[in-house]
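Visitor: I'm new to reading protein models. Could you walk me through this one, feature by feature?

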Amino acid sequence: MKTLRLVLWIAVALIAGLLGWLTLEMTRAKDQIAGEPFGVPFQLVAQDGTPITEKAFTGKPTALFFGFTHCPEVCPTTLFELNGWLGKVDPDGSKLQAYFVTIDPERDTPELIGQYVGNVSKRITGISGEPSKVLDMAKGFRVYYRKVPLDEAKPDGDYTMDHTASVFLLDAKGRFVGTIAYGENAETAEQKLANLITR
């Protein structure tokens with residue numbers, strides 16, 4: 001009986017040690033992932049026609065939104081709200097930056113996206129570029145997007161886009177911090193941006 005108890009205690013000690021080691025390894029892996037910039041390297045075009053890369057998302061905390069200019073509601077609403085939040089949290093624009101990346105690069109040229117964003121905000125920069133490069137970048141940032149024909153009988157006709165509707169929040173090193181959900185309470189969104197500044 002004493003031998004059985006001893007064996008059981010040794011087994012419990014070994015399992016506890018194994019669980020502790022696994023927890024430590026998982027924490028290290030999480031810290032390594034969190035320490036890397038979010039997304040993938042890219043070479044695209046800003047709304048003014050100048051080249052832009054992933055380095056633009058460093059130096060200051062970043063609010064990053066993916067959408068398209070033919071979007072009927074989500075995108076214009078988000079751009080309008082984001083512009084207002086930025087104005088309240090960072091009135092002079094010295095602490096935060098914001099970008100709007102198209103997920104419809106076939107229609108959204110840099111010039112068009114610049115006009116679209118410029119109608120709502122001087123604080124947000126539009127990004128477009130070669131379609132395959134834009135969509136590769138969106139995938140690398142784990143953004144969902146899907147082309148949806150307006151008429152199922154005409155799959156090559158006019159279309160809209162389903163897409164991720166959250167604003168991504170990145171710290172000054174380009175690391176993912178969190179999101180602001182579409183329709184999120186304004187005070188909560190502003191607090192998230194304020195917290196982003198003080199990280």
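Guide: Sure! Buried residues make up 37% of the 199 residues in this chain. Keep in mind that we're looking at a predicted model.

Visitor: Which helices and strands should I look for, and in what order do they run?

Guide: You'll find five helices and nine strands. Starting at the N terminus, the order is α-β-β-β-α-β-α-β-α-β-β-β-β-α. Contacts tell you how the chain folds back on itself: among those with a separation of 6 or more, 71% join residues 24 or more positions apart.

Visitor: How should I read the inside of the protein?

Guide: Here's the general idea: in soluble globular proteins, nonpolar side chains tend to be buried together. In this model, the largest nonpolar core has 46 residues, and Phe-57, Leu-64, Phe-66, Phe-100 and Phe-141 have the most contacts inside it. Helix 2, residues 74-89, gives this core its largest share, six residues.

Visitor: What does Leu-64 touch, leaving aside residues up to four places away in sequence?

Guide: Its partners include Phe-57, Tyr-99, Val-101 and Phe-141. Leu-64 also touches Ser-166, Val-167, Phe-168 and Leu-170.

Visitor: Now strands. Which side chains of strand 7 point to which face?

Guide: As a rule, the side chains in a regular strand alternate between the two faces of the sheet. Strand 7 covers residues 159-163, and there Tyr-159, Met-161 and His-163 point to one face and are buried. Thr-160 and Asp-162 point to the other face and are not buried.

Visitor: What sense does the pairing of strand 6 and strand 7 have, parallel or antiparallel?

Guide: Antiparallel, over five bridges, with strand 6 spanning residues 145-149. To find your place, look for Lys-147, which stands opposite Met-161 in strand 7.

Visitor: And charged residues?

Guide: Side chains of opposite charge can pair when their charged atoms come close. This structure holds eight salt bridges. One of them joins the side chains of Arg-146 and Asp-162, at 3.3 Å from N to O. Arg-146 lies in strand 6 and Asp-162 in strand 7, so this salt bridge ties together parts that are 16 residues apart in sequence. Arg-146 is partly exposed, at 42% relative accessible area, and Asp-162 is partly exposed too, at 32%.

Visitor: How many residues apart are Glu-190 and Lys-88?

Guide: They're 102 residues apart, with Glu-190 in helix 5 (residues 186-198) and Lys-88 in helix 2. The two form a salt bridge whose closest N and O atoms are 3.8 Å apart. Glu-190 counts as buried because its relative accessibility is 17%, under the 20% cut-off. Lys-88, at 61%, is exposed.

Visitor: Is Asp-171 buried or exposed?

Guide: Buried, at 5% relative accessibility. Asp-171 forms a salt bridge with Arg-175, with the closest N and O atoms 2.8 Å apart. Arg-175 is partly exposed, with a relative accessible area of 24%.

Visitor: Where is Asp-104 found?

Guide: In the loop between strand 4 (97-102) and helix 3 (110-118). Asp-104 is a charged residue that is buried, with a relative accessible area of 2%. Leaving out residues up to four places away in sequence, Asp-104 touches Gly-67, Phe-68, His-70, Tyr-159 and Met-161. You've met Tyr-159 and Met-161 already, on the buried face of strand 7. Asp-104 is also linked with Arg-107 and Asp-158 in a network of salt bridges.

How values were computed
Residues are numbered from 1 along each chain as its sequence is written. This is a predicted model: local features need pLDDT of at least 70, side-chain atom pairs count only at pLDDT 80 or more; totals for chains, interfaces and linings use all residues. Side-chain values use heavy atoms; hydrogens and water are left out. Helices (H or I, at least four residues) and strands (E, at least two) are DSSP runs, numbered from the N terminus. Buried means under 20% relative accessible area, exposed over 50%, partly exposed in between (1.4 Å probe, protein chains only). Contact means heavy atoms within 4.5 Å. A nonpolar core is a set of buried Ala, Val, Leu, Ile, Met, Phe, Trp, Tyr and Cys residues joined through side-chain atoms within 4.5 Å. Two strands pair if DSSP finds at least two bridges between them. A salt bridge is a side-chain nitrogen of Lys or Arg within 4 Å of a carboxyl oxygen of Asp or Glu.
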